[in-house]
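Trainee: I am new to this structure and would be grateful for a close look at a single part of it. Could you please take me through one sheet and its surroundings?

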Amino acid sequence: MRVDILSKEYPPAIYGGAGVHVAELVRALRARGDMDVQVRCFGTARDETGTTAYPDLPELAGGNAAMQTLGVDVSMAGDCIGADLVHSHTWYANMAGHLASLLGGMPHVVTAHSLEPMRPWKAEQLGGGYRVSSWAERTAYESAAAVVAVSAGMREDILKSYPSLDPARVHVVHNGIDSQLWSADRSAEATETVRRHGVDPDKRSVVFVGRITRQKGLPYLLRACAQLPPDVQIVLCAGAPDTPEILAEVEGLVNELRSGREGVIWIPDMLPRNEVVALLTHGTVFACPSIYEPLGIVNLEAMACELAVVATATGGIPEVVVDGDTGWLVPIDQVQDGTGTPVDPDRFVSDLAAALTDAVSDVDRAHAFGRAGRRRAVDSFSWASIGDRTLEVYRAVLGS
C-alpha cells in the first residue's frame, strides 16, 4: 500500500501540534515495514528518503497568503498520482489532497487538527484569505472518504461545523506522544539549562508552552497569575505571535505582571525539545488555558515529563487530563459564536487562578499527579497504537 501524507509542516519546520502529529505518524507507519509512506510537505528540500518538499510559487509571491498556499497545493497534487490513498493534514494541505483525489481517483482522508469555523479570529491575519481557507477546508471535508478527529470533542465540532458530513465517515484517533523523547530530565545539564533561562529550579513555578494565539488563552493566564502567591515563578515559553495586536496585548500584560511581582520569565524563542523538557521537568505545574484545543499534544508532553497539568475543560483536553488524578480541569462556559470566548471572562480567570493556587499549594501532591500523568501518557497515547488505528481507517476506506 502506498500512502501519500500531505502537510504544510514537517521536520525541521514544525511550529505546532499538527506538525508533531505528522512527523510521529509517519515514523510509526514507516516502522511497520509493510507500507510505502511518501511525505509531501511545504518549504525547502528535505534530506529524507520518501519526502518531497514544495516551495511557494514565485508567481504568487505578492499575493494573499491563502492564495500562496493553494499554489503549493496545486504543485503537490499531481505528484500523488499512483498512490493508493492520500492523507492531508490541516487546511493548508487539504486542497492538495482533494485535487489529488479528483486527478487520481484515490480516496482522500483528512485529519482534523483544528477547524476554520472554530477560529474566526484568523480573519485578523488573513482578511479575505480566511474566506478562501474556509472554502478549501469545507470542500475537502465534505468530499473526503474519511475524516479523522484527534479527539471525541473534535468529532463533535466537525459534525457541528459541517452537518452534511455522514457521521459514519468521522473517526476518532487521538494524538500521541513519544514517551522516550519526552521524559523527565533531572540531570545536572538540565538543571543548568533551567538556571540559564533565569528560572530557579528550587522554587515553585507555573510553566506555559505555546504559541501566542487567541486559542491558547495566554492573556487569561497572565491575568490569573497576578493572583498567585508572590514566590511562585511564572515561566512562559511563548512565541510565534499570530498578529502584532495579540503580541502587544501579551507584552502589556507581562509588563503589568512584572510590575507587581518577581520571577516572571518570558522566553519568546521556540526552544529545542531538550530545553523544553528541562523546564517542564523542573516545574511544579503546567498551565494550559486554551479556549480552543482539539486535543492538546502540549499537555501530553508535560505529562510525559511528570508534570501535573491545570487545563481548561474544553475540546479534547478532558480526554487527556484526568481531574483529580493527573491534574485540574478548569470549567468554562463559552460563547457559541465559534470564538470560544468565555461568557464570563473574569470568572474564568478567577477559576484558573484558584486551580493554579491549589496546584502549587501542595508540591508533593503535584508531583504525585505528575507521576500519574506519565503513566497515562505511556499507557494510552503511544504512537505505535495510534499508527495502528490510523491504518484501520485506511483499510476501511480501501475496503481491504
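Mentor: What follows is a description of one sheet, its edges and the helices beside it. The model is a predicted one. The sheet is open and has 6 strands in the order S10-S9-S8-S11-S12-S13, with parallel pairing. Its edge strands are S10 and S13 (327–330), each of which pairs on one side only. On average, neighbouring strands of this sheet are turned by 15 degrees against each other, direction ignored.

Let us begin at the S10 edge. Strand S9 (residues 233–239) runs parallel to S10 and is joined to S10 by 4 bridges; valine 235 has isoleucine 265 in S10 as its bridge partner. Strand S10 (residues 264–267) is covered on both faces: Val264 and Trp266 are buried on one side, Ile265 and Ile267 on the other.

At the other edge, 4 bridges join strand S12 (residues 308–312) to S13, and these two strands also run parallel. Here threonine 312 is matched with valine 330 of S13 as its bridge partner. Helix H9 packs on the sheet, where it touches S9 and S10, and its direction makes about 155 degrees with that of S10.

The connection between S9 and S10 deserves attention as well. Together with helix H9 (residues 244–260), these strands make a right-handed β-α-β unit. A further helix, H10 (residues 273–281), lies across S8 (205–211), S9, S10 and S11 (285–288), and runs at about 150 degrees to S8.

How values were computed
Residues are numbered from 1 along each chain as its sequence is written. This is a predicted model: local features need pLDDT of at least 70, side-chain atom pairs count only at pLDDT 80 or more; totals for chains, interfaces and linings use all residues. Side-chain values use heavy atoms; hydrogens and water are left out. Buried means under 20% relative accessible area, exposed over 50%, partly exposed in between (1.4 Å probe, protein chains only). Two strands pair if DSSP finds at least two bridges between them. A crossover is right-handed if, with the strands pointing away from the viewer, the path from the first strand over the helix to the second runs clockwise. Axes are lines fitted to C-alpha atoms, for helices over the stretch in contact, and angles run from 0 to 180 degrees between N-to-C directions. Contact means heavy atoms within 4.5 Å.
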